[in-house]
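I opened the structure to look up strand pairing, ring contacts and one charged side chain, and these are my notes.

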Amino acid sequence: MPARSRARVGAVLRGGEQERGCTVKALALLTVLLCPLLAGASGLYVGDRGVRPLGRGGAFVAGADDLGALWYNPAGLMDAGASVLFDGAWVRSSTDFTRQALVTDGAGATRMSELPSVRGSSEFLPIPTLAGSWVLGEKKQFVVAAGVLAPQMAVMSYPLVLEDGTPSPARYSLVSLDGSLLVIPGVSAAYRPFDFLQVGAGVNVLTGSFVTQTVFNTSPPDRVLSAPEDPSYDALAELRATGLLAPSASFGVIVRPREWLRLGLSGQLGYTLDAPATVRVRLPSAAVFAQARQDGEGARLKLVLPAILRAGVEVRPLDALRVELGYAREFWSSHEAIDIVPEDVRIHDVIGIPSPFNVPAISIPRRFKDSQSFRLGGEYSLAVGSAFALDVRAGLSYEQSAIPAAYLAPLTVDTDKVTGSVGLGLRLGARLRLDAVYSQAFGGQREVSPSEAAVPRINPLAGEQFPTTPVNGGRYQVQTRILGVGLRYQPQTL
């Protein structure tokens, strides 16, 4: 967009809201600074995990037979025997966001205007798996496993300002997730009561830290005093949630009615997070905040992440060939809101606002919906001489987005997508296997009409009678690639 057009759009945006004085009641400044900080927690996870399972397109429920079963189906640990698994994947993700907004000109006519595009990208951060298993029982009918997994997470960042020095159109959704680190340690066990039946269960906990930076504008709605998106009223806020501790459990079953046929079913319970957090705010540079200060920084964050149900059918028409058709349903409808409960957080000495303000508890609506996916994948083994074998893998999956269009924003970008994966496994003798995978998602473009957009630029000085303009309308283009390598060592054969 030419500079003259951008200036004209900015002028229209500044004049598009109703006037009001800057006095508010008990809705404190810090309330708005807290509101969207966790809005993208549920959007952190990207693609299926595990180098070998991902090479099969995530179709690894009925055919789970190594330590990757910790994530997909604990019943498959029975086939893992005594082994050690280590792998790591790099998620390379980027989002192009072109913001669109409805603006009203001086004549009262409303039209759609487009702001400059901005790109968010993920930093290099390997996603690891480290696990080991042991065989127990006189008949070797028990396997116990322990491991540490990390969610497949893209640590996204957007520029705070564009190359020409203008503020980023995405700043009101996300600046950075740098510093976030989530892990899932857990233990599981599998049991084979009959030759045709395997069952498994496990317990795990989501723990680590979640860190996010975002910008909020607190300009009063009286356009004589300031513009709605005046950068001098921008406040950079950082939320740091540490000590996350959300327990969960998984279960699974595998049935083999025929030597060439395996049926699998597994479930993972959801995570209910209730974690302590700290909030640090760089207050705006506008004159009304010249003497302002924050007192206290403690809060609690509460949200629910979904349960997952998986099913699969694997056939083995040849000894060397395995093909699985899988299905997964993620119950994102449980993710209704994010609740933030401040603990004695106050703001002092903002001109025009009674001092101090005790920040009240708030609830951020999310309104996600259940999503489902279908996977098809498999692998074929090729002998290479007497000491080597090569496993060739491929997979294809289709996944629905859980995010309704009205709530799609730079902080939580997802689309209906088709993902293709290819992988290789090199087996050195009977004990060592080296794995590699490449996966790419094809989601295309997704648009949010400014008239349906429902993520506002939250402004505590506006009040409920003066809603602010939504900031998530526009076009979204997502690109995601995953590269991974792994190693499995089995000290003894079964």
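The model is predicted, and I began with the aromatic residues F97 and Y476, asking whether they are buried or exposed. I found that F97 and Y476 are both buried.

I then counted the aromatic pairs, which came to seven. One of them joins F97 to Y476, with 4.8 Å from centre to centre and 25 degrees between the planes, and it is listed as stacked. I traced this pair to distant parts of the chain, since F97 belongs to strand 1 (residues 83–104) and Y476 to strand 23 (residues 474–489), 379 residues apart.

Next I looked up Y327 and F374, whose ring centres are 5.3 Å apart with the planes at 55 degrees, so I noted the pair as tilted. Because Y327 is in strand 14 (residues 321–330) and F374 in strand 19 (residues 371–384), the pair ties together parts 47 residues apart in sequence. I noted Y327 as partly exposed, at a relative accessible area of 26%, and F374 as partly exposed too, at 41%.

I also checked R49, and its charged end sits over the ring of W71, at 5.9 Å from the ring centre.

Last, I turned to a sheet and asked in what order its three strands run. The order is 11-16-17, in an open sheet with antiparallel pairing. Strand 11 (293–295) and strand 17 (357–358) are the edge strands, each pairing on one side only. Between strand 16 (residues 346–348) and strand 17 I found two bridges in the antiparallel sense, and I recorded F357 of strand 17 as the bridge partner of I347.

Terms used: Residues numbered from 1 in each chain as written. Predicted model: local features only at pLDDT ≥ 70, side-chain atom pairs only at ≥ 80, totals over all residues. Heavy atoms only, no water. Pairing = 2+ DSSP bridges. Helix = DSSP H or I, 4+ residues; strand = E, 2+ residues; numbered from the N terminus. Phe/Tyr/Trp six-rings, centres within 6.5 Å; stacked < 30°, edge-to-face > 60°. Buried < 20%, exposed > 50% of the residue type's maximum accessible area, 1.4 Å probe, protein only. Lys NZ or Arg CZ within 6 Å of the ring centre and 35° of its normal.
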